[in-house]
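Me: I have a structure open and want to talk through its fold. Can you take my questions as they come?

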Amino acid sequence: MFLGTYTPRLDEKGRIILPAKFRDELSKGLVLTRGQERCIYVFSAKEFEAVHEQLRAAPMSSKQARDYIRVFLSGASDEMPDKQGRVTIPQPLRAYAGLDRDVTVIGAGSRAEIWDTEAWNSYLTEQEDSFSDTNEEVIPGFF
């Protein structure tokens, strides 16, 4: 499970050092793809297989499902961390998420997310106000 917030820096080759707590889970390979809210989703190879199976179950007759799958999978890139725990973020994904030097990596349970630090801080500020208003209808059985 991916938890926490980390602030690695993107190097001149477009690489970040993965948080140490994430390295074991991602050591056998990972998949980077477009996330919602202009971040990058990071899945372990195993978790991405499970996500892909869920996508395959979507009805081909649904235009919304087809559109989502196209955007999600066309941006996907399978990567292998190097011995130092660095992973290269492909240029199209860096452009999609607006990544520059300062990035924030967050744990989001079954995946990690890579955000431009300024975008993350802005998003978090906006969401913190509504966080306390979340109720059981949004996350069934949680409260």
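Reply: What follows goes through the sheet, the helices on it and one loop, in a model that is predicted.

Me: Start with the sheet. How many strands form it, and in what order?

Reply: It is an open sheet of 6 strands, ordered β1-β7-β8-β4-β3-β5. The pairing is antiparallel.

Me: Which strands stand at the edges?

Reply: β1 (5-6) and β5 (77-79) do. Each has a single partner strand, so one side of each has no neighbour in the sheet.

Me: What about β7 and β8, how many bridges join them?

Reply: There are 5 bridges between β7 (residues 103-107) and β8 (residues 112-116), and the two run antiparallel. One of the bridge pairs is Gly107 with Ala112 in β8.

Me: Now the helices. What does α2 touch?

Reply: Helix α2 (residues 45-56) packs on the sheet and touches β3 (30-34) and β4 (40-44). Its direction makes about 105° with that of β4.

Me: And α3, which strands does that one touch?

Reply: Helix α3 (residues 63-74) also packs on the sheet, touching β3 and β4. The direction of α3 makes about 125° with that of β3.

Me: Change of topic. Where is Glu37?

Reply: Glu37 sits in the loop between β3 and β4. Its phi is near 60°, which is positive although the residue is not glycine.

Me: Is Glu37 buried or exposed?

Reply: Exposed: the relative accessibility of Glu37 is 51%, and the cut-off for exposed is over 50%.

Me: What is the phi of Arg38?

Reply: Phi of Arg38 is near 60°, again a positive value in a residue other than glycine. Arg38 lies in the loop between β3 and β4.

Key. Residues numbered from 1 in each chain as written. Predicted model: local features only at pLDDT ≥ 70, side-chain atom pairs only at ≥ 80, totals over all residues. Heavy atoms only, no water. Pairing = 2+ DSSP bridges. Helix = DSSP H or I, 4+ residues; strand = E, 2+ residues; numbered from the N terminus. Contact = heavy atoms within 4.5 Å. Axes fitted to C-alpha atoms, helices over the stretch in contact; angles between N-to-C directions. Buried < 20%, exposed > 50% of the residue type's maximum accessible area, 1.4 Å probe, protein only.
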